[in-house]
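Work through the exercises below with the sequence and the model at hand. Each task is followed by a solution in steps.

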Amino acid sequence: MSTYKSDFLNILSERGFIHQVSDTAGLDALAAKSGVVAYVGYDCTAASLHVGHLLSIMMLHWLQATGNKPIALMGGGTTRVGDPSGRDETRKLLSYEQIDANKASIRTTFDKFITFGSGKSDAIMADNAEWLTKLNYIEMLREVGRHFSINRMLTMDSVKLRLDRDQELSFIEFNYMILQSYDFVELARRYGCNLQMGGSDQWGNIVNGIDLGRRMGTHQLYALTCPLLTTASGAKMGKTAAGAVWLNADLLAPYGYWQFWRNTEDGDVTRFLKLFTTMPMSEIARLGKLQGNEINEAKKILATEATALMHGRAAAEEAAETARKTFEEGAFAESLPTVRMREDIQKMFYEQDGIPTLIAAQFVGFARSTSEARRLIEGRGLRINDETVESILMLIKPSDLTSDGVIKLSFGKKKHVLLKPV
């Protein structure tokens, strides 16, 4: 039996996307008439979004799939300020050129999940630099700033947590919530936007936007947040020993992306199938009942379906086949991720005694520090051409090159990289 009148909220609810809604009945009634115009904002702090952004991107996907209109908002303006939410320190301010380059790189991700165009439910891509960079400071203070209470702003989590820990909060960051609230108002005026979605850490900022809209005379605005995901073992979703799990293929190859999903903990498989694939709920329920070694089949399906959404079906199936050959047949698959040696690494390789395994483990992304690489090797977790590295003093030399001109580095059973001279 459906909990809501609208397909949109029913799908989000059964798949586990909903954390908080500001006015459930009002939003449900709007969605039932395909009248929701919703946005999610993405700051341009890196050249790629990461797996942590996928929840909100999937929410935009389901919004459009149920006849409503999504807006992907690029933070070309707000990135110049920096969001203090969930951080203990001030974000590094990027140059305008770097922000623009990141923005251009990020934009391509959305085409995989939503359709852009001029139709009623076609998506819009907007950039808050269009209005934020043109604001007059005095006018901003008079028209927008007067609606904000410093007393209330000091109680917001993004501010309060920083101050409670005696961490500095810059004046520029303090203004971030005002700019985000103004984005909501501007999108409401320009595109009829009536819903902002985001992670649960954005709840306070979104509610501020609803309040600002009411004070500045917009139509009724709504808030919907998704949970901030952790894995079954309590780790932050999307973080690995090698860093963030990027969505852009030039930062993380489809095989590495497939492997990330294949390595999902048993307790997360059903939840991740609901959140990160578009598979029918009946099929997900069937896969969720698998036990023991059979659950590995569900993990492979999760990996292939999630990778197909991001990188296309052909790349997903190639990654799955590479994994099968590598693990089931012990083959030296050509499509394993390849890392080319930097100039200094290659100089060690050919002109000095060789590359220390401590350095190689870090260079290919298996470890983030020398101490982490040392633990990896001492725990017998690193292999060179399928031979276990026995000592932290071991060097990788030209004699280790295979007939294919590469050296295979393996971390445990599931992570493999081909190291190749330039």
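Buried here means under 20% relative accessible area, exposed over 50%, and partly exposed in between. The model is a predicted one.

**Exercise 1.** Determine how many disulfides the whole structure holds, and account for Cys-44 and Cys-193.

Solution. A disulfide requires two cysteine sulfur atoms within 2.5 Å. For Cys-44, the closest cysteine sulfur belongs to Cys-193 and is 18 Å away, too far for a bond. For Cys-193, the closest cysteine sulfur is that of Cys-226, at 16 Å, again too far. The search of the whole structure finds zero disulfides. As to burial, Cys-44 has a relative accessible area of 0% and is therefore buried; Cys-193, also with 0%, is buried.

**Exercise 2.** Classify the ring pair of Tyr-39 and Phe-184, and state which elements it ties together.

Solution. The whole structure contains nine aromatic pairs. In the pair of Tyr-39 and Phe-184, the ring centres are 5.6 Å apart and the planes meet at 65 degrees, so the pair is edge-to-face. Tyr-39 belongs to strand β2 (residues 37–43) and Phe-184 to helix α10 (residues 176–191), so the contact links parts 145 residues apart in sequence. Both Tyr-39 and Phe-184 are buried.

**Exercise 3.** Are Phe-349 and Tyr-350 each buried or partly exposed?

Solution. Phe-349 and Tyr-350 form an edge-to-face aromatic pair, with 4.8 Å between centres and 70 degrees between planes. Phe-349, at 1% relative accessibility, counts as buried. Tyr-350, at 45%, counts as partly exposed.

Key: Residues are numbered from 1 along each chain as its sequence is written. This is a predicted model: local features need pLDDT of at least 70, side-chain atom pairs count only at pLDDT 80 or more; totals for chains, interfaces and linings use all residues. Side-chain values use heavy atoms; hydrogens and water are left out. Buried means under 20% relative accessible area, exposed over 50%, partly exposed in between (1.4 Å probe, protein chains only). Rings of Phe, Tyr and Trp (its six-membered ring) pair if their centres lie within 6.5 Å; planes under 30 degrees apart count as stacked, over 60 as edge-to-face and the rest as tilted. Helices (H or I, at least four residues) and strands (E, at least two) are DSSP runs, numbered from the N terminus.
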